[in-house]
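Let's take a friendly walk through a small report on one protein chain. Keep the picture at hand and turn it as you read.

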Amino acid sequence: MAWFKSSAHDLVERVDGYLEILAAHGVDCRRLESSSPGRIIYEDPYQVVVMPEEEPDGRTAGRPDGRTC
């Protein structure tokens, strides 16, 4: 999963607009925020890509439904 860093203000500000476009085309998406999205496998000044950590019950941390995408 890829996450924007909170310091990437220009990119984070665009997310709600992207969600509106996706919703208009029937694509179910939502904005999530996390202080611990998982184990970082890539990082640059604007984003991190992580491997989600599993909860003891097998669900993926940070997602209420346990999905990773």
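The text below goes from the overall fold to the sheet, then to charged pairs and the surface.

## The overall fold

Before we start, keep in mind that this is a predicted model. The chain contains two helices and three strands. If you follow the sequence from its beginning, these elements come in the pattern β-α-α-β-β. Of the 69 residues in the chain, 19% are buried. The chain exposes about 5300 Å², and carbon and sulfur atoms supply 53% of that area.

How do parts that lie apart in the sequence come together? Take contacts between residues at least 6 apart in sequence: 43% of them join residues at least 24 apart. A pair of serines gives another view of the fold: Ser35 and Ser6 are 29 residues apart along the chain, and their C-alpha atoms are separated by 9.7 Å. You will find Ser35 in the loop between α2 (15-24) and β2. With a relative accessible area of 81%, Ser35 is exposed, because exposed means over 50%.

## The sheet

Which order do the strands take in the sheet? The three strands form an open sheet with the order β1-β3-β2, and their pairing is antiparallel. The edge strands are β1 and β2, each of which pairs on one side only. From one strand to the next, the twist averages 35°. As background, strands of a sheet pair through backbone hydrogen bonds, either parallel or antiparallel.

Now look at the two pairings one by one. Strand β1 (residues 2-4) is joined to β3 by three bridges. In β3, Gln47 is the residue opposite Phe4. Strand β2 (residues 39-43) is joined to β3 by four bridges, and these two strands run antiparallel. Here Arg39 stands opposite Met51 in β3. A hairpin through three residues connects β2 to β3.

Strand β3 shows a pattern that you can check in the picture. In a regular strand the side chains alternate between the two faces of the sheet. Along β3, Val48 and Val50 point to one face and are buried. Gln47, Val49 and Met51 point to the other face and are not buried.

## Charged pairs

Side chains of opposite charge can pair when their charged atoms come close. How many salt bridges does the chain have? The count comes to four. The table shows three pairs, including their N to O distances.

| Pair | N to O distance |
|---|---|
| Lys5 and Glu43 | 2.8 Å |
| Arg31 and Asp16 | 3.7 Å |
| Glu33 and Arg31 | 3.4 Å |

Start with Lys5 and Glu43, which form a salt bridge with their closest N and O atoms 2.8 Å apart. This pair links distant parts of the chain: Lys5 is in the loop between β1 and α1 (9-12), Glu43 is in strand β2, and the two are 38 residues apart. Both partners are partly exposed: Lys5 has a relative accessible area of 22%, and Glu43 has 47% relative accessibility.

Next come Arg31 and Asp16, whose side chains meet in a salt bridge. This pair also links distant parts of the chain, with Arg31 in the loop between α2 and β2 and Asp16 in helix α2, 15 residues apart. Arg31 is partly exposed, with a relative accessible area of 36%. Asp16 counts as partly exposed too, at 40% relative accessibility.

Arg31 has a salt bridge with Glu33 as well. Glu33 counts as exposed, because its relative accessibility is 67%. Together, Asp16, Arg31 and Glu33 are linked in a network of salt bridges.

## A nonpolar patch on the surface

Which residues form a nonpolar patch on the surface? They are Ile41, Tyr42 and Met51, with about 290 Å² of accessible area together. Met51 is already familiar from the sheet: this residue lies in strand β3 (residues 47-51), opposite Arg39. Is Met51 buried, partly exposed or exposed? At 41% relative accessibility, Met51 counts as partly exposed. That fits with the alternation described above, where Met51 points to the same face as Gln47 and Val49.

How values were computed. Residues are numbered from 1 along each chain as its sequence is written. This is a predicted model: local features need pLDDT of at least 70, side-chain atom pairs count only at pLDDT 80 or more; totals for chains, interfaces and linings use all residues. Side-chain values use heavy atoms; hydrogens and water are left out. Patches are made of residues with over 30% relative accessible area and no salt bridge: like charges are joined within 9 Å, nonpolar side chains (Val, Leu, Ile, Met, Phe, Trp, Tyr) within 5 Å. Accessible areas come from the Shrake-Rupley method with a 1.4 Å probe; for residues, only the protein chains shown count as cover. Buried means under 20% relative accessible area, exposed over 50%, partly exposed in between (1.4 Å probe, protein chains only). Two strands pair if DSSP finds at least two bridges between them. Contact means heavy atoms within 4.5 Å. Axes are lines fitted to C-alpha atoms, for helices over the stretch in contact, and angles run from 0 to 180 degrees between N-to-C directions.
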